[in-house]
Amino acid sequence: EGLHLWSSARALCKMGGPNSPNEKVCICEGWTEDWSHVGPIDPGPGLDREWLQQFPLSTKGRYVMNARGQRFRLLGVNWYGASDVEHVVGGLNVQSLEVICRTVRDLGFNIVRLPFSNEMLRSQVRVEAVDWNKNPELRGMDALEVYDEVVRCLGRHGVAVIVNNHTTYGEFCGPPSKNSLWFDPDGPFSEEQWMADWVMMATRYSRCPHVVGFDLRNEIRPRLSLWPCWGSGGISNVRGRRDWAIAARAAADLILGVNPGALIVVERIVWPQDSLHRYAACPGPLLPDLAGRLVLGVHVYSWSGPGRFVPRWSIPKRWSWAVDALRSLGVITKTNYGDMCRQALMKQMQQEWGRILEADICPVWVSEFGADHSNPGEMQWMEDIVHVMGAMEADWAYWPLNAGPKPSCGSDEAYGMLNPNWTRKVKVDRRLKMLEGIGLVPPLTATTDPEMGPESPMKMRDQRSLFADKDPLRGMKHPSVPDIRMLLLPPRLHLPDFRRKPQRGRISSSSAPNFPLLLERAKEEVGTPIRRVCSSEVHFTSSEPTFL
């Protein structure tokens, strides 16, 4: 029935949901799928030969270079969907693939960061995810074959691709969930399976010159008791490792073994969020061995921040006092990126990754950032971060291209660049104008949609509902608020149960029965100097660290 082969007969076949009665997904517990029957695909007709001659790309110091020895600055956009519940890129249910890819080119982007999930590689397309009248050529294809066609179509329109392993299961990423790590310790997707999937994808696009790189994993973060680390060699008590340095290096070597001309994008662990200096260490886990191939990736949003950040919009009012207490203790970050003035943001980015560019070590790709154009505060922050990226001449990719409803999320995409029908807006988007200031150059032949009138004003959105998908306090399959103590604190630091709201914003002993023990642990773990301790309240003084 066209199912993939497996290295063991212990494969489990599960039928799809009610909207796709013919969908079959095979998973195999404890075994690795054999992709040996999958070979390279053809890039397809219609590609510009002269344009293709600039590939493959490589790196030289802080720059990405083309085959002609010229800088190829990554000026990209994210196009999500294949990593989500419908297993195909967004927009195909309202617009043709050709129109969307042409629009990407018309907006001036030269590369697309194209997410996928490991589950997608084994899935069929949901019927409602595609308008078959506008995309008849996709009829009968499985999800991976549709992904192939997206890659080919982008190439025909002169847009390069970096393939991104965004999630394991088809969901919007967010901790703590099954997608927090690069493997699933409780399911069929082991670290070995993750690497086998990468070898297959690198082999599959090895004859597509415009597929220039592979972004190994999106936004790694803790999953319950499993905390990812960089370079410590730590091994978890379940299948797979939690040392991201070991896993990233092993995957990079396997990918380059079958696709030696590819760029390798390694993202930093996103929570806690530290600088890139250990990632760029030479000698280190990645350099000098990956010199010429390595690109380091960072994501920056107004609501994110250094260290153990918590978006302010993500905290229900009944929890806000407890989170303020954790900020006072220095357990979580006090100042997120959106709270920083332009000068402070510049200094912070310089500390996190700007010095790597100054030292000419390797490229840094700001592969996710964005703003809601109806939110004045976010728009001001985007001006600031664009100024920073311009001053540092960084490579970047805006998040996202997508417009309209987000799959299974119940809200529209506020950061998107397109009309609801996935065409270019008639009215100039202020965010695009900002991006033109840092390299974006729309073609003179760009097209717009004559059917769409001037962009209608949008009301200020409720931020908690808007960003719920990226809420660090919410698991994707568990909508209830989790235990904040387990999520925010390191394994050795356990706070007492904060239940009663303190009076006048103070931390009272009545709401924390074991408060003396808490003080000793906080002093030991965080190093917050205690100025004065009374029977009913505690006062702290601390200076905010750059990284927590």
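These legends go with several close-up views of a predicted model.

**View 1. Here's the whole protein chain, with its 12 helices and 14 strands.** The chain has 548 residues, and 59% of them count as buried. About 22,300 Å² of the chain is exposed, with 52% of that area supplied by carbon and sulfur atoms. Now take the contacts between residues at least 6 apart in sequence: 74% of these join residues at least 24 apart.

**View 2. Two helices, α4 and α5, pack against each other.** Helix α4 covers residues 191–204, and helix α5 covers residues 244–258. Their axes are 9 Å apart and make an angle of about 30 degrees. Angles under 35 degrees count as roughly parallel, so that's the word for α4 and α5. The crossing of α4 past α5 is right-handed. Which residues of α4 and α5 make the contact? On the α4 side, look for Glu-191, Trp-194, Met-195, Trp-198, Val-199, Ala-202 and Thr-203. On the α5 side, they are Trp-244, Ala-247, Ala-250, Ala-251, Leu-254, Ile-255 and Val-258. Sort the residues of this contact by type and you get 12 nonpolar, 1 polar and 1 charged.

**View 3. Helix α2 is mostly covered.** This helix runs over residues 97–107, and 8 of its 11 residues are buried. To find the buried ones, pick out Leu-97, Val-99, Ile-100, Cys-101, Thr-103, Val-104, Asp-106 and Leu-107. What covers these buried residues of α2? The cover includes two strands, β5 (75–78) and β6 (111–117), along with two helices, α3 (143–156) and α9 (430–436). Step just past the end of α2 and you meet Gly-108, with a positive phi of about 105 degrees.

**View 4. Ile-41 sits in the loop between β2 (24–28) and α1 (49–52).** Is Ile-41 buried or exposed? Its relative accessibility is 10%, so Ile-41 counts as buried. Leaving aside residues up to four places away in sequence, Ile-41 touches Asp-148, Arg-152, Arg-204, Tyr-205, Arg-207 and Cys-208. Also look for Ser-206: along the chain, Ile-41 and Ser-206 are 165 residues apart, yet 8.0 Å separates their C-alpha atoms.

**View 5. Asp-360 and Glu-393 each have a positive phi without being glycine.** Most residues other than glycine have a negative phi, so a positive value is worth a look. For Asp-360, phi is about 60 degrees. You'll find Asp-360 in the loop between α7 (342–358) and β11 (364–368), and it counts as partly exposed because its relative accessibility is 41%. For Glu-393, phi is near 55 degrees. Glu-393 belongs to the loop between α8 (376–392) and β12, and it is partly exposed, with a relative accessible area of 38%.

**View 6. Two peptide bonds leading into prolines, Pro-288 and Pro-400, are cis.** Most peptide bonds are trans, so cis ones deserve a close-up. One of the two runs from Leu-287 to Pro-288, with omega near 10 degrees. Where is Pro-288 found? Look in the loop between β9 (263–267) and β10 (294–299). The other cis bond goes from Trp-399 to Pro-400, and its omega is near -15 degrees. Pro-400 lies in the loop between β12 (395–398) and α9.

Notes. Residues are numbered from 1 along each chain as its sequence is written. This is a predicted model: local features need pLDDT of at least 70, side-chain atom pairs count only at pLDDT 80 or more; totals for chains, interfaces and linings use all residues. Side-chain values use heavy atoms; hydrogens and water are left out. Axes are lines fitted to C-alpha atoms, for helices over the stretch in contact, and angles run from 0 to 180 degrees between N-to-C directions. Helices (H or I, at least four residues) and strands (E, at least two) are DSSP runs, numbered from the N terminus. Angles under 35 degrees count as roughly parallel, over 145 as roughly antiparallel, 65 to 115 as roughly perpendicular and the rest as oblique. A crossing is left-handed if the near helix is turned anticlockwise from the far one by less than a right angle, and right-handed if clockwise. Contact means heavy atoms within 4.5 Å. Ala, Val, Leu, Ile, Met, Phe, Trp, Tyr, Cys and Pro count as nonpolar, Asp, Glu, Lys and Arg as charged, and the others, Gly among them, as polar. Buried means under 20% relative accessible area, exposed over 50%, partly exposed in between (1.4 Å probe, protein chains only). Accessible areas come from the Shrake-Rupley method with a 1.4 Å probe; for residues, only the protein chains shown count as cover.
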